[in-house]
Amino acid sequence: MSTYLHQLGRWCATHAWLVLCLWLIVSIACAGSLKFLGLNLSSSFHINDAESLQGISILRERLPQVSGTDEPVLFTAHDGDITAHADAIHEFITQAEHINGVAAVTDPFAELTRSISADGSHALIHVMGNASVGSHMTGPTPQAGLTANALQELTTRIMQAHSNLTIALGGNIGHFISVHLSIVEIIGVILAGIVLLFTFRSLVTAGAPLLSAAIGVAIGISSIFIAASWLDINSTTPVLAIMIGLAVGIDYALFIIARAREYVHTGIAPHEAAGRAVATAGSAVVFAGGTVIVALCGLSVTRIPFLSIMGFASAFVVAIAVLVALTVVPALLGIIGTRVCGRKKHVLHRLKAEHLAATTSPASPSVSLVPAEAQAAASRSFSYRWVRAFTRFPALTSVFIIALLGCASIPAASLSTGLTDNGSEAPGTPLRQTYDAISEAFGEGYNSPIIVIGNIVHSSEPVELVDRLAQKIRSLTGVHAIGTATPNQDASLAFLQIIPTTGQSDPATHTLVSTIRHLAPQWEKELGITSIMVTGQTAVAIDVAEQLQGALVPFGCVVVGFSLVLLLIVFRSFAVPLSATIGYLLSLGVAFGTVGMVYGYGWGSDLLHVTKTGPVISFMPVIVMGILFGLAMDYHVFLVSRMREEWIHHRDATRAVQRGFVSSAPVVLAAAVIMTTIFAAFVPEGSVHVKPIALALSAGIAADAFLVRMTLIPAVMVWLGHRAWALPEWLDRLLPVVDIEGEGLIRSLEHEEWVQRHGPSMIRICDMTMQHRNITLISSLNFVLRPGELGVIRSDNRAARNILTALLSGRLRHRYGKVIVGHFALPSHMSAVQGMTAILTQREDVLPPQAVLVITDDPGSHRWERITELLDAGITVLVTGPCLLTIPPDVHVSADTLLCDDFYPPFEDSVPAHLILDTALPDALPHKNPTKTDEAPVVPPDTDTDTDTDTDTDTDTDTDSTHATQPSTIQEDTP
């Protein structure tokens, strides 16, 4: 993938204005489509197989007059006697019943629907809308707005005619949750720009991530609005997508630009630097974005439609952000050119501070800083002092951070969820004022009526049967009154409106609904009623909350399991994925604990403009789990991948952690600050749905980045030492190789530079080491063989020779060192190397026509004749054999090297080779009829003997070998 990304990035940088124009056209097209389609978002929350929604469907069919939205209307007499205004109230009722969209209006003075407050100054009526104004299942319709306007006009007329009477509408009919953004969110983006300015020290460079993020968010959100014309997309979805899109869009651009700056400063042309940055950091961006996308799409595990669509929509915005980062960012880099580095004195200072021993970095092989300078610069950097301080006593640091995060997670126990009602609206709004007034005059239960229906089609006395059911419900704990109890017009359906003593989000109301459902089968037998159901807005809210709570465990298992498997493949270690997952769970606890502090304990609620403490929106935990998982894995990959590179290079655990941290921490720090700032900007003025999500994400990301990834993980890695990178051999062989940093491409590009200085090579091996079960078979091998030449590698260890043959023919993976065959770096291009190599086992073997490299072991006189013929034909030949291998005097050997000496005795002397290595390359491959095959013998696929199968990142440096070797014709460069 990195090869294609390199080509893409270089092409976009070369054709920068074309790329920007294409994205501009897409943006204009999406915006133009919205002008014709409009905004068609929904404010309803759909769930599957919920009894409450089934009840609403039955009401729409058999009692459509009450299947719509219920609008409470509160009348307040200034003189304290509401009965004195009965004529005005009846006038309102009469005129309201004639408004289009109104099915019925209750009479507060009637015996069955009496609703006069205890002090006699308030009366409460319910305007019941029909199906034309929408319902809890469908959301508001266009007719709902017309009906709401008509009710408001009627209210104004009645109040003007009766000055001592105040009328407050509940606002349920026509209430629509719109996409709301404030100046605070814009301030968050400005703060992100300031962080970028401090990071890059260049105004032009700092503006590039903001521009690319804006393009991605604009196209993503426009696409969501367009899709809303055909799909039922909740109105919370766009705000959530904007928040996520801005954060990841800026961060992904930051990672690519930071890597491009490194390349430009080493003297690489800006267009090529953009291509390499997209191939390396861009590969990690694809991986990181893919992780977030999978986590968001994983919301479909809950099997809740509105939540699945919310996840898919947010995932789409992240995908657009990734695509924009891979195309728009290199285009901007091509336009900015060398100005991407800003002022030279800042660049030099940051380069010295952030890149320890930069000469060994695979990302910048030609940096001119010597290791001593880099060491001195790094020792003065804040990142180095930070990691040194917290890894000096790793066990103490680990215990302290875990205890701290655990304590911060305790308030999560006070967190409760539910669907919000008008009581969560901002104070001072008409909806909130009416809600509070009804609660004060009658109790919170009047804002949360519960509907009970039952099938009474077989009853001969429907009215008496409904009364008997009402008596049973009235006797239950938590029932304040029965508002309405009547059969429908054809006497086939019982309809009861129950007024609970508590509000919608109160646990007592949940208990009441559960009690009615539990007793329903018993009542059905006693009364002869069938299909008793609890429905209405309150029941829908309770069902949504319960179904979402039930989805937390399976979704959490999917997220944690995915995290373990993913990081196990990437880092080939048990400790790395376990520590990453435990860190994620600790960060998640802090996120939920912070919300519990604010909404459960009430700490800081006024400062954060929380309109009402108590339960938060039901889908908050699931959304936060998915988003936080993706972002936490991003930071973990960017930090630990650099540590892994250092570990592969020198196998010093403490040094690897410290150097890897210094190399990557500054960029990760900037990314975390930007992400936290963006999410925190949506807290003060965010809607009741978005505010707790933004609060949890800002706290969770801050804890994850600063306490978990930058403090706990380095301490744990140092504490574990070399055990942090251990993995059983059998599992290592089963796992695929994943190159998330474009390491294979980096090696290929570095090899191209080497070829320009030294000429072409067919085999190039730099400091290659092969181990099996802590036994070194090949140690620090350096070897170069030109095309068309003959090379000899000697060893009395036949198993080591077999391994080397399997490795160079692309049939065995290595970990330590650099191996390049032709212009293909291993192990990234194993299939390509297999196609260009052949193994000669006997003179008559027919070689494939595409073979340009032939490998043979200990040839006899007949095979030496064949080798001479191959050399005359321009084919490169590598011969392996014992140390005393006899070479014909007329054969010219270009490179001759020993694999091992007295310090590394033959492997067969310590462990029988056939126990583990005979399959790497059999002593004598089966003789085949040359006429039946045109391929070289293939080594069996189960030949992995090297326990470390990761792609390596070691650089082209000469190291002291512990065995004697004869110098090859071309020596490796020493920095």
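Arginine 259 counts as buried in this predicted model, with a relative accessibility of 8%, and its salt-bridge partner, glutamate 262, counts as buried as well, at 12% relative accessibility. The closest N and O atoms of arginine 259 and glutamate 262 are 3.9 Å apart, which falls within the 4 Å cut-off for a salt bridge. Because arginine 259 and glutamate 262 are three residues apart in helix 8 (residues 236-265), about one helical turn separates them.

The table lists salt bridges of the structure, which holds 14 of them.

| Basic residue | Acidic residue | Closest N and O atoms |
|---|---|---|
| Arginine 259 | Glutamate 262 | 3.9 Å |
| Lysine 472 | Glutamate 526 | 3.0 Å |
| Arginine 843 | Glutamate 869 | 2.9 Å |

Lysine 472 forms its salt bridge with glutamate 526, and this pair links distant parts of the chain, given that lysine 472 lies in helix 16 (residues 462-474) and glutamate 526 in helix 17 (residues 507-527), 54 residues apart. Lysine 472 is partly exposed, with a relative accessible area of 27%, and glutamate 526 is likewise partly exposed, at 41% relative accessibility.

Arginine 843 forms a salt bridge with glutamate 869. Arginine 843 sits in the loop between strand 18 (837-839) and strand 19 (853-857), while glutamate 869 belongs to helix 27 (residues 861-872), so the pair ties together parts that are 26 residues apart in sequence. Arginine 843 counts as partly exposed at 26% relative accessibility, and glutamate 869 also counts as partly exposed, at 42%. Elsewhere, Arg10, Glu272, Arg276 and Glu753 are joined into one network by salt bridges that share partners.

How values were computed:
Residues numbered from 1 in each chain as written. Predicted model: local features only at pLDDT ≥ 70, side-chain atom pairs only at ≥ 80, totals over all residues. Heavy atoms only, no water. Salt bridge = Lys/Arg side-chain N within 4 Å of Asp/Glu carboxyl O. Helix = DSSP H or I, 4+ residues; strand = E, 2+ residues; numbered from the N terminus. Buried < 20%, exposed > 50% of the residue type's maximum accessible area, 1.4 Å probe, protein only.
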